[in-house]
Amino acid sequence: MESQVAERAARLGFESRAGIDPRCVPIKLVRPMPEGEAIPSRRYTAEENETWRILYGRQRKLLECRACEEFLEGLEIMGFPEDRIPALTDVHRKLKQTTNWGIALAPGLLAVEDFYGALARRVFASTDYIRGRDELDYTPAPDCFHDIFGHTTLITEPYFANFYQKFGQVAMHAEGKIRGWLASFYWFTVEFGLINTPHGIRIYGNGILSSYSEVTHCLGAEVRRLPFDPQRMAEQPSDLSIMQPILFVIDSFQQLESDFDRWTKGLGL
Ligand SMILES: [Fe+2]
């Protein structure tokens with residue numbers, strides 16, 4: 001997997017620093033990412049497609065009564081194949097039709113300025129490689145199952161789509177303490193967010209949606225679930241190496257968009 005990512009980055013002309021696992025080293029773009037119809041198609045091996053089939057089948061079933069309706073409806077809209085990795089150009093076309101978002105091909109984990117800059121333009125930077133078969137339950141950095149199955153699906157929800165763009169617009173210019181606060185806010189919403197529904201608390205954060213163990217953990221008794229409070233979330237420490245002990249619950253995606261707006265305006269952003 002290391003050499004696959006490094007090779008891909010080199011072929012696309014990106015700079016990547018050497019490290020223990022290049023998937024965890026943020027890549028600073030040296031030229032624009034291919035976007036939309038310009039994304040080169042990629043051929044996947046039978047094993048890679050089988051990895052998608054296993055992950056898709058397992059999460060789809062697990063999320064049936066645990067993910068929010070907006071996510072499950074998003075899966076219907078996106079219509080991903082169950083047995084093979086979707087082409088990013090197809091994902092791009094679906095998002096264009098629904099919330100006017102687009103897809104760019106990311107060579108790996110992007111430097112935050114590049115990732116936020118794309119969000120600010122209503123473009124989601126997605127990887128196109130999939131985790132190894134030995135990493136079905138955990139992978140240390142995004143892969144295309146995490147990016148496509150989780151992130152692009154929720155972008156079909158109009159309020160979330162607008163919030164996500166506003167987040168990019170605000171975060172790409174933030175510095176110092178505020179930048180850290182925004183990263184924490186992102187963690188507790190986009191990656192680990194929960195939502196109140198008439199059927200109980202459901203999941204919308206993709207760090208949970210795309211992880212088998214986080215799905216079963218997040219709704220259990222050992223997790224403290226607190227009401228949505230942007231400043232509290234911004235200052236709440238988080239640890240990537242453990243199952244999340246504290247999560248925050250929004251009431252709606254409309255609330256996420258409007259309260260984020262109010263909070264960041266209050267910070268002078
Ligand atoms: Fe993510």
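Start with the sheet: it is open and has four strands, in the order β4-β3-β6-β5, with mixed pairing. Keep in mind that this is a predicted model.

Now select the two edges, residues 200-203 for β4 and residues 224-227 for β5. Each of these edge strands pairs on one side only. Turn the view to look across the sheet; from one strand to the next, the twist averages 40°.

Next, select residues 194-197, which are strand β3, and residues 246-250, which are strand β6. In which sense do β3 and β6 pair? The sense is parallel, and the pairing runs over two bridges. To see one bridge partner, pick Ile195 and look across to β6, where Ile250 is its partner.

Leave the sheet and select two helices: α5, residues 112-120, and α7, residues 158-171. Their axes lie 7 Å apart, and the helices pack at an angle of about 130°. Angles over 145 degrees would count as roughly antiparallel and 65 to 115 as roughly perpendicular, so α5 is oblique to α7. The crossing of α5 past α7 is left-handed.

Which residues of α5 meet α7? Show the side chains of Tyr116, Gly117, Ala118, Leu119 and Ala120. On the α7 side, add Tyr164, Gln165, Phe167, Gly168, Gln169 and Ala171, which they meet. Colour this contact by residue type: seven of its residues are nonpolar, four are polar and none is charged.

Methods
Residues are numbered from 1 along each chain as its sequence is written. This is a predicted model: local features need pLDDT of at least 70, side-chain atom pairs count only at pLDDT 80 or more; totals for chains, interfaces and linings use all residues. Axes are lines fitted to C-alpha atoms, for helices over the stretch in contact, and angles run from 0 to 180 degrees between N-to-C directions. Angles under 35 degrees count as roughly parallel, over 145 as roughly antiparallel, 65 to 115 as roughly perpendicular and the rest as oblique. A crossing is left-handed if the near helix is turned anticlockwise from the far one by less than a right angle, and right-handed if clockwise. Two residues are in contact if their C-beta atoms, placed from the backbone, lie within 7 Å. Ala, Val, Leu, Ile, Met, Phe, Trp, Tyr, Cys and Pro count as nonpolar, Asp, Glu, Lys and Arg as charged, and the others, Gly among them, as polar. Two strands pair if DSSP finds at least two bridges between them.
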